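Visitor: I should like to learn how to read this structure, beginning with individual residues and ending with whole chains. Where should one start?

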Amino acid sequence: MFYLSIIVLIPLAALFFKTTSLSWEDFWSIVSSPRVVASYKLTFGASFIGATINTIFGFIVAWTLVRYQFPGKRILDAMVDLPFALPTAVSGIALTTIYSRNGWIGQFLEPAGIKAVFSPLGVTIALTFIGLPFVVRTLQPALEDLEADVEEAAACLGATRWQTFQKIIFPSVFPALLTGFAMAFARGLGEYGSVVFISGNMPMKTEISSLLIISKLEQYDYTGAAAIGVMMLIMSFILLLIINLLQSMNKRFIKKGA
Amino acid sequence: MKNIKKLPTSYPSKSSTSEPLWVKISLITISLLFLSLFLFVPLISVFAEAFRKGIEGYFAAFKDPAAFSAIKLTLITAAIAVPVNLIFGLAASWAIARFEFWGKSLLITLIDLPFAVSPVISGVIYVLLFGLQGLMGPWLAEHNIKIIFAMPGIVLATMFVTFPFVARELIPLMQEQGGEEEQAALMLGANGWQIFSKITLPNVKWALLYGVILCNARAMGEFGAVSVVSGHIRGKTNTIPLHVEILYNEYNFVAAFAVASLLALLALLTLVLKSIVEWKYQHQKKGYNR
């Protein structure tokens with residue numbers, strides 16, 4: 001408890017303490033200045049799109065990993081955690097190189113007029129990479145816990161496979177899917193390492209909130225950095241609350257099912 | 001694992017409770033494509049870029065004394081942060097699983113907090129606390145103690161971000177196992193240390209190892225939080241990820257990727273160890289449920 005308060009509580013209190021040195025108007029003018037608002041928009045937008053892509057493809061990946069047999073499945077299963085294990089700086093430079101003009105994927109995007117690096121698209125790609133394990137890992141246990149008998153019953157009653165999926169399988173894993181989405185989204189909001197390289201960090205355009213905090217710090221604008229930090233902290237708190245709520249819903253659902 | 005055994009027995013008629021072959025194949029193809037695009041291509045590219053100038057170019061990156069000191073700093077940081085968090089994780093989860101006390105759920109939430117907070121903010125809070133303009137800054141400067149832009153800051157920030165890993169693995173397991181075995185040992189006259197080393201520790205060893213592996217991977221690879229507090233002094237306060245960033249920003253791509261490949265190897269090693277531990281852990285769990 002003592003250790004916890006030294007490592008976590010006191011520093012966090014310092015953040016709030018620093019912002020109290022600002023008046024309410026000053027605080028508001030910092031956190032609502034156009035450059036900051038643009039960074040919120042980008043951070044939230046890119047995280048949202050990234051989390052949505054992850055939800056769709058993560059569902060397919062989790063489904064194939066749980067339900068089907070194919071060669072290399074165990075390796076694939078282990079590899080899903082790569083974005084989690086790979087230091088973010090490494091994934092950042094790797095993604096930037098791949099999607100840059102003469103990179104492996106970038107060389108095909110460039111002629112098509114798609115600019116992946118130093119654009120909001122790049123930020124989205126990085127956040128998709130980062131969020132991938134969250135959706136897959138929350139869905140897998142939910143899909144594994146699904147009992148075969150309900151599906152069999154549905155089939156016996158004449159449901160087509162698609163109907164069974166729509167009416168039986170999807171609703172029962174939906175809470176887990178939502179949790180995975182929220183976790184990927186939350187992770188995206190705070191992500192820094194993998195995004196700084198690919199985004200190019202142009203103010204108003206491709207600057208994420210975390211980066212704005214750092215640039216404020218570098219200009220010794222500590223109160224400004226603290227103010228944006230508090231804003232982001234509040235948002236992640238709200239998300240954390242939602243995630244916990246979803247998870248308890250999820251647990252109740254599973255218990256009821258069992 | 002469960003499903004591999006289950007499939008043949010519990011799906012009597014395959015056609016009605018499974019998908020047509022073409023759906024299966026296309027779903028597998030989609031996930032393979034998606035994963036290779038997002039996972040394998042970046043991973044391979046790290047090594048491809050690192051060896052772009054041949055093996056000599058690759059090893060030249062490690063001859064740089066700055067690279068050497070970055071590796072040293074990273075190892076030291078992990079060597080401090082991981083054991084400290086291990087001890088704390090054990091203590092906290094033991095307290096949470098075995099006792100009822102006021103503020104318990106608050107404690108659980110606080111343990112999760114570093115996961116929810118952006119790594120940059122984790123760095124910022126230490127700068128605000130210990131930095132020159134920070135709350136304790138003047139006092140520290142007077143006593144000539146340097147925390148920010150020096151090693152203690154890096155260690156502290158790393159401890160903060162890696163703080164939940166061990167505790168999170170242990171809490172649910174210890175709660176599930178309950179305290180009966182420990183109580184029995186106590187009745188049979190075992191002392192505190194005997195109970196801990198013969199009962200508590202063996203019961204949670206795989207989960208503990210799992211937490212430590214993840215904690216270590218994060219400690220060595222942390223970028224955001226460390227980059228805020230380190231000050232980027234070459235050869236002094238640069239960890240491996242920060243060294244990668246500097247090389248990359250200097251357009252020294254081969255060296256950047258060479259150093260990054262070290263971290264990528266670490267990540268792969270982490271994944272392998274994690275899979276092994278997961279496998280053992282599941283075995284133990286099955287044994288436990290029986």
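Guide: Start with burial: a residue is buried if 20 or more other C-beta atoms lie within 10 Å of its own, and exposed if 12 or fewer do. Please keep in mind throughout that this is a predicted model.

Visitor: By that criterion, is B:Ala167 buried or exposed?

Guide: B:Ala167 has 25 other C-beta atoms within 10 Å and is therefore buried. This residue belongs to helix α10 of chain B, which covers residues 164-177.

Visitor: Which residues does B:Ala167 touch, not counting residues up to four places away in sequence?

Guide: With those sequence neighbours left out, B:Ala167 touches B:Gly89, B:Ala92, B:Ser93 and B:Ile111. For B:Lys205, by comparison, the separation from B:Ala167 is 38 residues in sequence and 13 Å in space, C-alpha to C-alpha.

Visitor: How does B:Ile55 read under the burial criterion, buried or exposed?

Guide: The cut-off for an exposed residue is 12 or fewer C-beta atoms. B:Ile55 has 9 other C-beta atoms within 10 Å, so it is exposed. B:Ile55 sits in helix α4 of chain B, residues 54-63. Sequence separation and spatial separation should be read side by side here: B:Ile55 and B:Ala258 are 203 residues apart along the chain, and their C-alpha atoms are separated by 9.9 Å.

Visitor: What is to be noted about the backbone of B:Tyr251?

Guide: B:Tyr251 is not a glycine, yet its phi is positive, at about 60 degrees. The residue lies in the loop between α14 and α15 (253-289) of chain B. B:Tyr251 counts as exposed because it has 7 C-beta neighbours inside 10 Å.

Visitor: Let us turn to pairs of helices. How should one describe the packing of α11 and α12 of chain B?

Guide: One gives an angle, an axis distance and a handedness. Helix α11 (residues 180-187) and helix α12 (residues 192-221) of chain B pack at about 145 degrees, and their axes are 10 Å apart. The crossing of α11(B) past α12(B) is right-handed. On the α11(B) side the meeting residues are B:Glu181, B:Glu182, B:Ala185 and B:Leu186, and on the α12(B) side they are B:Ile195, B:Ile199 and B:Thr200. By class, this contact has 4 nonpolar, 1 polar and 2 charged residues.

Visitor: Which helices offer a case of packing between chains A and B?

Guide: Helix α6 (residues 88-99) of chain A packs with helix α14 (residues 240-249) of chain B at an angle of about 25 degrees, the axes being 9 Å apart. Angles under 35 degrees count as roughly parallel, and α6(A) and α14(B) are therefore roughly parallel to each other. In this contact A:Ala89, A:Val90 and A:Ile93 of α6(A) meet B:Pro241, B:Val244, B:Glu245 and B:Tyr248 of α14(B). The classes are 6 nonpolar, no polar and 1 charged residues.

Visitor: How many residues of each chain take part in the contact of chain B with chain A?

Guide: The contact involves 63 residues of chain B and 65 residues of chain A. On the chain B side, helix α3 (residues 21-50) gives the most, with 15 residues. That side of chain B divides into 44 nonpolar, 13 polar and 6 charged residues.

Visitor: Where do the domains of chain B lie along its sequence?

Guide: Domain 1 of chain B is 1-50, and domain 2 is 53-289. Their C-alpha centres lie 32 Å apart. Domain 1 of chain B gives 6 residues to the contact and domain 2 of chain B gives 9. The domain 1 side has 5 nonpolar, no polar and 1 charged residues.

Visitor: Finally, how should each chain be summarised as a whole?

Guide: Take the secondary structure, the dimensions, the burial and the contacts in turn. Chain B has 15 helices and 0 strands, and its C-alpha trace spans about 65 × 60 × 30 Å along the principal axes. Of the 290 residues in chain B, 43% are buried. Among contacts in chain B with a separation of 6 or more, 74% join residues 24 or more positions apart.

Visitor: And what does the corresponding account of chain A contain?

Guide: Chain A has 13 helices and 0 strands. Its C-alpha atoms fill a box of roughly 70 × 50 × 35 Å along the principal axes. In chain A, 49% of the 258 residues count as buried. Residues 24 or more positions apart make up 79% of the contacts in chain A with a separation of 6 or more.

Key: Residues numbered from 1 in each chain as written. Chains lettered and ligands numbered in written order. Predicted model: local features only at pLDDT ≥ 70, side-chain atom pairs only at ≥ 80, totals over all residues. Axes fitted to C-alpha atoms, helices over the stretch in contact; angles between N-to-C directions. Helix = DSSP H or I, 4+ residues; strand = E, 2+ residues; numbered from the N terminus. Parallel < 35°, antiparallel > 145°, perpendicular 65-115°, else oblique. Contact = placed C-beta atoms within 7 Å. Nonpolar A, V, L, I, M, F, W, Y, C, P; charged D, E, K, R; others polar. Domains from an automatic or database assignment. Left-handed = near helix turned anticlockwise from the far one by under 90°.
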